[in-house]
Each structure stands twice: as C-alpha cells, then as structure tokens.
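This briefing is intended to be read alongside the sequence and the three-dimensional structure. Please keep both in view while working through the points below.

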Amino acid sequence: MYPQRGMASTPRTLTLARSLEAGDGLFKGLADQMRELEHAVTRQEERFQAVMEIGRAIGSTLDLDELLGLVMSKVTLLLGAERSTLFLVDKGTGELWSKIAQSSKEIRLPPGRGIAGWVAKHGEPVNLADVYQDDRFNPEIDRLTGFLTRCVLAVPLRGRDGDVIGVTQALNRKDGGVFTDDDRLLLEALAAQAAVAIENAQMYSALKRQNIQLAKTQGELNGLVAELDVLYDIERRISAASTLEQLLDGILARAMQLTGSDAGSLVMVNEDGGDLFFKAALGEKGEEVKRHTLGPDEGIVGWVAHENKPLIANEVAKEKAYDARIAKRVGYRPENVLCVPVSLEGRVVGALELLNKPGGYAEPELRVATLIAGQAARAITLGKSREEEERKRRLSVIGQMISGVVHDLRTPMTIISGYAQLMAAEDDKAEREKASEVILKQFDTINGMIKETLAFARGERELLLRKVYLNKFLEEITEYLERDFAAHKVELRIQAGFKGAVRMDENKMKRLVYNIARNAVEAMPEGGRFTFATELDEAEKKVVFKFSDTGEGIAPEVADRLFQSFVTHGKPNGTGLGLAMVKKIAEEHGGDVSFKSKPGKGTTFVVRIPA
C-alpha cells in the first residue's frame, strides 16, 4: 500500500515505498525476459516446423523448382531477409547461376567471383554486416538487379560426396540489423535440406533420362531385330525360289503383310523403251493388273520411278501424280499409296507400290518398304544372273551334245565314205549291192545314235533286247574298227573267248564298244594296241567284255567321276559324254562297268551284263 499524497512520510514508510518500486522493476524485467523467451521459443518452433515441412516436401515430390522455391521462401521468412538466392554450380563451366532468385533477372557469376563465388570456391560460410567494406563483394550485381545490398549471409550447399554443388545467400535484414550466428545455423540446416532435394532431383532426372534412352534403345533394337527377321525371311525366299517371278511374288507378299496393305505391285522399267510393266502384282485385281503397261511418268508409280523418290499419299486424289484413268483401266481404286523406287547400282529399275492400308501409311511402313525394295533389287539381280547362267548352261549342254553326236558320227561316216568309194570303182553288181547294204546299215546306226543321244539327254530308258550271236557281232565290230584304227596307227586285237548268244540291244552295245574304242584311240595319240575280249562267267551267268589299251591311263583327278556326264581331261575333242553313255547302256542291260588304270601303262574297262 503506497502512502497517500499529503501524508507525512516516515522513514519506515519511505523504505516500504522504495521496496515496492524495486519490486515493480523486477517484475517488469522478468516479464520482458519471459516475452523474449516466448519469442525465442516461437522462432525455434517456426524454424523447426519449416525444416519439417521441407523434409516432408522432399519425401513427397521430385519437382526441383517447387522444392527449392519452398526452401528459399522459408529462408526469406525465417531470417527476416529482404531477398534470398540459391545458386547452383555449373559442372561444365564452373560458373554459378541463380536457380532460385527473388528477382526478375538470372544472375551468372564466374568461378570465384563475388561473395557467392568465394563461398563456392572455398566451401566456407560468409556473414558480412557491410558488404561494401569487403573486397570480395561484386557491386555489378546490384547495378544489374537495381537492388542495394547492405549485409549478406551466404553458406555452401554440399552434396553426398562433400563437393560444393551450390550456395544459398540471404540479403538485408528487414529490421535493419545484421544476421546472427543463429541465422547462420538455420541457413546451413536449410541449405542441407536444399542440397538433398537437388541431388534427389538430379538423380531422378538422370534415371529418367536413362530410362528414356533405354526405351529408345530397346525400340531401336526391336526395330533392328524386326529388320533382320525381314532380311532373313527374304533371304530364305531367295534361296527357295526357282524362278524370278516366284521370288518377286514372295517378296511382295511379305511387304504387304508387314505393312498391312490390301494390294501391291512391283513395277519394272523396260530397258528398251522406258515403259513400265508389272513384274508382280497381288491383291484383288492382281492378275488384271499384270496385263497392263504404263508409260514413263504415268501415275504415282511412274513418278516415283522417274524421280527416284519415295512417296506416301494418304489422300491419293490430292496428289498431282495420281492418274484416275489407271484405276479405271484395272478396276481398282486406291485410297492411299506407299511407293518407293527399286534401284540397282544407282540406277532405278522399277518401283515397289503398296496400296490401301487401313488408317494410311507413315514412317515405319516407309522404312520397311525401302528395306524390302533393296532386297527386291538384289533378288532381281540374282534372278537375272541365274537366268543367264541357266541359258549359258543349256547352250553349253546343247553344244556338247551336238559335239558328241558329230564326234560319234565319224566312225559310220568313215565306213560310208570308204564303201561309197568302193562302189564307184566296182563293176561287179553283187559287190556293189554288198557295199550298199553296209552303207544302209551305217545309216541305221547313225539314226540309232541320234535317237540314243536324244533319249540320253531326256533321261529316257528304252531297250530293244534280242538274241545276238557274239561271233557275228564281233565280225561287224572288227570291220568297223579296223578302218577307223588304221588312220591312227592303232592295232586291233580280238580275243573271242566266248562266241555264243546273249540277249542284248545290239545297236546300243555297238555304241558302247565304239565309245570305249574312241576313248582308247584318243589315249594313244602316237598309236598303240587295243584289245577287245569276250568271256563267259558261268558262276555268275554273265558275259564279260574287256577293253584294254596301251595308252596314257586315266588322270587321277577325274578317276572318281569318270562316268559322270561332261567329264573330260586332256582331250581337245572330248565331250565327256562317251563313258557316261557306256555306264548308262551297261546299267540298262542290268550290268555294270568298271576300270583299272595305271599312268603310262594303259587302261582296261570291264563291262558285265547278264548272259
């Protein structure tokens, strides 16, 4: 209770009054401290809540701009700053650039330049009460942004490996004061959160880019595998096809299948006049299309072949190259067309045309068509090569056959010539008739040779078996061979160990003997001896014909294929048909042929047929 005004003051009352006044001051001081304590607790709670909020945000989103925007707004608010900025280090250049800046302009700092540059370089925080008193401050930034900096607090952002990845700085306390150590600790805590957010986002972005690249690579790989499948399939078709038309039909069918086309054609350029003709056509009017030709530049396919450019026309009526008259002629109207040129060694030889894919054509179909067109060009080249080789082979076979026939005619023609000369000089009618009979028989032999050669070429098998007495057979053989051998200085020896009857085709067996004898003569260019012997193998009931010469022997390189067609060695006039016919005739009789030979010591052929 305070003394009332006007009352006399006693020492006791004065003491009490002073005590009360001191108590009031004490209470007031305690109240002020309590308010400051409450304010400090509130600030700590706000800071704690801010850190927790940032932590939750890091766990819930990977949007880097959103996270860093949140961090920097909390920095500005909790530090009572006018502005704050987050710089990131550019790994490529070492520059600092403002990822989050509360200004309208991006800031870029060279390595080590300015307060933020110094913090990034040295990895230490900086707290300046007056930046213009520090040489590290760069006033150019203030002139660039129009903002006057008084004080600054800057701390580094460190990644998981300890490297500085950025800098966070706060500018100018709003209350006009300076930043404290508590502010520094708070900013470092928030910077640590920001660093985690940055690295998480960078890892996520890198992983996302890797996944995108992986998906792209997987798509490219799948595309390559698909292309390899196409190439393998076409290669298989090329190997299996017997004709070029069959091959191109198969390739066209594959192209239609892969592109989902209803129809297609492969058009070739006529080398003579430049007109286009349909080499292959599949679809509703495929056979009808093949009967038509196109002039140069006519229609879309003509334009593609002339310009050597691919074309996708998903609305054909709007294409300048489209000619409705062609569709009318063939009775098929296309809605969309994909056409690519077919080129050989830089020269366009045709075009691949695909028609009416539901939904139209796009880049994937163009890629497939281009790939198949390249294989079609290869198939055309291969097909033409095969046709040319077959043509040459047939001409060669025909030439060899003719050569063989002409060669085989020498023996009967020699006999005919000799007996014709005898007839001219012979006055005896009986002798002339005998010579005439021999000549006529040789003509029969010639006709038989021709028929046998043609039958051999056609693979026919015709045998006229009858009983033939070998003594008569040997007499005729002797007469024919002696005249032929005389001109070649070859001695003929006949060893008739068996002269009985045997069922055989006489003309074919004569042909067999002539072919072996002719081979023997060619093997003895300087002359020699040829022995023809007959035996009867009673155990096996077979007649054995042995033919021996004193020639050069069989060359080892042809010994294993001596009886194959067109095999010859070292004979300027050889056709390679003689011994093949010998084998065929022996087998037609149910027999076989074999030989023994030594280089320089001659050869012996043995023919065995049923008796």
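In this predicted model, Glu95 is partly exposed, with a relative accessible area of 25%. Glu95 forms a salt bridge with Arg108, and their closest N and O atoms are 3.1 Å apart. The points that follow begin with this pair and then turn to other salt bridges, to helices and to individual buried residues.

**Salt bridges**

- Arg108 belongs to strand S3 (residues 108-109), whereas Glu95 sits in the loop between strand S1 (81-89) and strand S2 (96-101), so their salt bridge ties together parts that are 13 residues apart in sequence.
- Arg108, like its partner, is classed as partly exposed, and its relative accessible area is 39%.
- A second salt bridge joins Asp537 and Arg608, with 2.8 Å between the closest N and O atoms.
- This pair links distant parts of the chain, 71 residues apart: Asp537 lies in strand S16 (residues 528-537) and Arg608 in strand S19 (residues 602-610).
- Is Arg608 buried or exposed? Its relative accessibility is 19%, and because the cut-off for buried is under 20%, Arg608 counts as buried.
- Glu587 and Lys583 form another salt bridge, in which the closest N and O atoms are 2.5 Å apart.
- Glu587 and Lys583 are four residues apart in helix H16 (residues 578-588), which means that about one helical turn separates them.
- An α-helix has 3.6 residues a turn, so residues three or four places apart point the same way.
- Both partners are partly exposed: the relative accessible area is 39% for Glu587 and 30% for Lys583.
- Salt bridges also link Arg466, Glu476, Glu506 and Lys510 in a network.
- The count for the whole model comes to 25 salt bridges.

**Helix H14**

- Helix H14 covers residues 506-523, and its 18 residues should span 26 Å at 1.5 Å a residue.
- The C-alpha atoms at the two ends of H14 are 26 Å apart, which agrees with that expectation.
- How many of the 18 residues of H14 are buried? The number is 16, so the helix is largely enclosed by the rest of the structure.
- Asp505 caps the N-terminal end of H14, placing a side-chain oxygen 3.3 Å from the backbone nitrogen of Asn507.

**Helix H3**

- Helix H3 (residues 114-122) is mostly covered, as seven of its nine residues are buried.
- The buried residues in H3 are Gly114, Ile115, Ala116, Gly117, Trp118, Val119 and Ala120.
- Gly123, just after H3, takes a positive phi of about 70°.

**Asp183 in helix H5**

- Asp183 is part of helix H5, which runs over residues 181-240.
- With a relative accessibility of 1%, Asp183 counts as buried.
- The side chain of Asp183 makes a polar contact of 2.8 Å with the side chain of Arg173.

**Cysteines**

- Cys151 counts as buried, at 2% relative accessibility.
- Cys339 also counts as buried, with a relative accessibility of 0%.
- How many disulfides does the model contain? The count comes to zero.

Notes: Residues numbered from 1 in each chain as written. Predicted model: local features only at pLDDT ≥ 70, side-chain atom pairs only at ≥ 80, totals over all residues. Heavy atoms only, no water. Buried < 20%, exposed > 50% of the residue type's maximum accessible area, 1.4 Å probe, protein only. Polar contact = N/O pair within 3.5 Å; in protein donor to acceptor, adjacent residues only side chain to side chain. Disulfide = S-S within 2.5 Å. Salt bridge = Lys/Arg side-chain N within 4 Å of Asp/Glu carboxyl O. Expected span 1.5 Å × (residues − 1).
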